[in-house]
Structure formats: structure tokens, C-alpha cells
Amino acid sequence: MGVNVKHDVPLNALRAFEASARHLNFTRAGMELFVSQAAVSQQVRLLEERLGVVLFRRLPRGLEMTDESRLLFAEVSEAFTQLENAWRRFEGGEYREVVTVACVGTFALGWLLPRLEAFRQQHPALELNVRTNNNVVNLAGEGVDYAIRFGSGAWPATQNERLFTAPLTVLCRPDVARRLQKPACLLRENLLRSYRADEWDSWFTAAGITPPRITGPVFDSSRLMIEAAFHTGGVALVPACMFQRELDAGTLARPFALEIDVGSYWLTWLRSKKMTPSMEIFREWIGRRATGEGE
């Protein structure tokens, strides 16, 4: 008689491993899973024995992942995300399609969020999962259908469709704007910098002024620069179209009409990604909204 070898997948152990890898701590993983630290540790140890590898190095103040652990975590994390998405699609007794969109925070707050309710009304069976990032996203590794990015559109691994241009202009608090009579007045101000180092140089050159040397913090989003402008009285060079509500409300001011075109917002997706019906719906909707149709 042959030996009956079990090949069932140890889901509890994998869940304990995945939580431990995210937290690098058995105690915090246990709190998330509503079990004890000892139970999580035991599940991980059983998984290590079953796989025949060491997944964590136990340190005095936490855990350190091994190479094998990092490889397993990438696969397991994606699998649990897919399971969660599948479960959510059938919640409430009806099937709901899901589209996951990652976008830069400035675009999410300044353009997408004010239009989400209109999207929900038009497509109630399609659930939009919105994430934010800093313009760099791993579409394959993070299970993302679309990424909305700012730049030139020259990203070879993805299909890139331009949504609209977003020229940069000077924005600041109204009290700061009142003392800016001409562009040269900016030379006395606190100029807030983006990680794209040549933006202020391009603006001053367009204004016919020799660009100054700018120091101070570097920000990875226009939204953060505007928050800094509110708090410090600094001056930001950002896309005005992302801050129309603040301009209309009078909490922001635009002292000069001059603007520079350094990039656009783009809808991007993996070239290898099979386009689903729900992805097509979102692509068509955002394309129409980006051109002003249906506003």
C-alpha cells in the first residue's frame, strides 16, 4: 500500500507568515490576526519545517527576513491580495468588478476624488480601488491595473495615454502674493523645491531672470509643497489645475500668469496586461472626463 502524502496548502501558516513579514514582529502580527504571539511563532515554525527553509532570523528586537522569505513574501502577498479582491467582488450577494488605480497624491486629491461620485453613479457595479504613490509604482508586483503618473510619458514598459497637460505656475498664500509685484520679487522669497530640480530654473528663464540658487527641503509632490506654502509662507511652482478649489475659495493666489510646460498626466498600464471589460470602462470614462466631456 502506498503512502498517502498530503499536499494541502497551509493557509493559516501562510497568513501568519505574511503578517509577520509585513510587521517584522510576531507580536504585532498576532494583534492583527487576533491570536497570541506564540501562536504566530508556532505557525511560522511549522511552515519553515514544512518548506525546509529558514524564513526569519529571530533578533532581540524583531525579525529579519531571509532571501527565501523575501521571495515567498512577494508571491504570498500577491495571492492574498487576489483572494481579498475576489471575496470583495461577491460581497453583498452580487458580483462587483474591481479596478485598481494607483496615482500620485496631487492628482488623486486635486482631480480624481471630486469626480469619484459621478463615476460610482454611472458604474455602480464597478468598484474603484484607489491607491497613492510618488510617481513610481510596480504595476505587476502591487497588483495594479492602472497607474496615473506625471511626466513625459516615456516609460517603455507600459502603454501610456496622455490625459492632459499640467503646466506649472507660481502659487502661494494671498498675503504673500500681495507683495509679489513682479517676477523678480521672488528672489527674496522662500522658494519650495520639487525633486525635479530644473523646474524653477525653467520658470525664471522664461521670465527673463537669471535663476537663483535654491536651498531647503525637497518635496516629492505638489500637494506637499502647497501644504508647506500654507504653513511657512513659501512659494510653490505647481500645476494650477490641481488646486482650482483652493484658488476659487481664495485660500491660494496666483500672482503671475506665466507658466511652463514640463509634463502631463498619463494613464499607464503594463503592455503585457490583458485589458478586462472593467478596465476598458474606466479607461473610457477617465479619457472623456480628461477632455472635459461629461463634466
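Angles between helix axes under 35 degrees count as roughly parallel, over 145 as roughly antiparallel, 65 to 115 as roughly perpendicular and the rest as oblique. The structure is a predicted model, in which local features need pLDDT of at least 70 and side-chain atom pairs count only at pLDDT 80 or more, while totals for chains, interfaces and linings use all residues. Residues are numbered from 1 along each chain as its sequence is written, and side-chain values use heavy atoms, leaving out hydrogens and water.

Helices here are DSSP runs (H or I, at least four residues), numbered from the N terminus. Their axes are lines fitted to C-alpha atoms over the stretch in contact, with angles from 0 to 180 degrees between N-to-C directions. Helix H1 (residues 11-23) and H3 have axes that come within 8 Å and cross at roughly 110°; H1 and H3 are therefore roughly perpendicular to each other. In this contact (heavy atoms within 4.5 Å), Asn-12, Ala-13, Leu-14, Ala-16, Phe-17 and Ser-20 of H1 meet Val-40, Gln-43, Val-44 and Leu-47 of H3.

Helix H3 (residues 37-51) also crosses helix H2 (residues 26-33), at roughly 105°, with the axes coming within 8 Å. Here Phe-26, Thr-27, Ala-29 and Gly-30 of H2 touch Gln-37, Val-40, Ser-41 and Val-44 of H3.

Turning to the rings, one charge lies over an aromatic face where Arg-15 sits 3.8 Å from the ring centre of Phe-80. Arg-149 is likewise placed over the face of Trp-155, at 4.1 Å from the ring centre. For such a placement, NZ of Lys or CZ of Arg must be within 6 Å of the ring centre and within 35 degrees of the ring normal.

How values were computed: Helix = DSSP H or I, 4+ residues; strand = E, 2+ residues; numbered from the N terminus.
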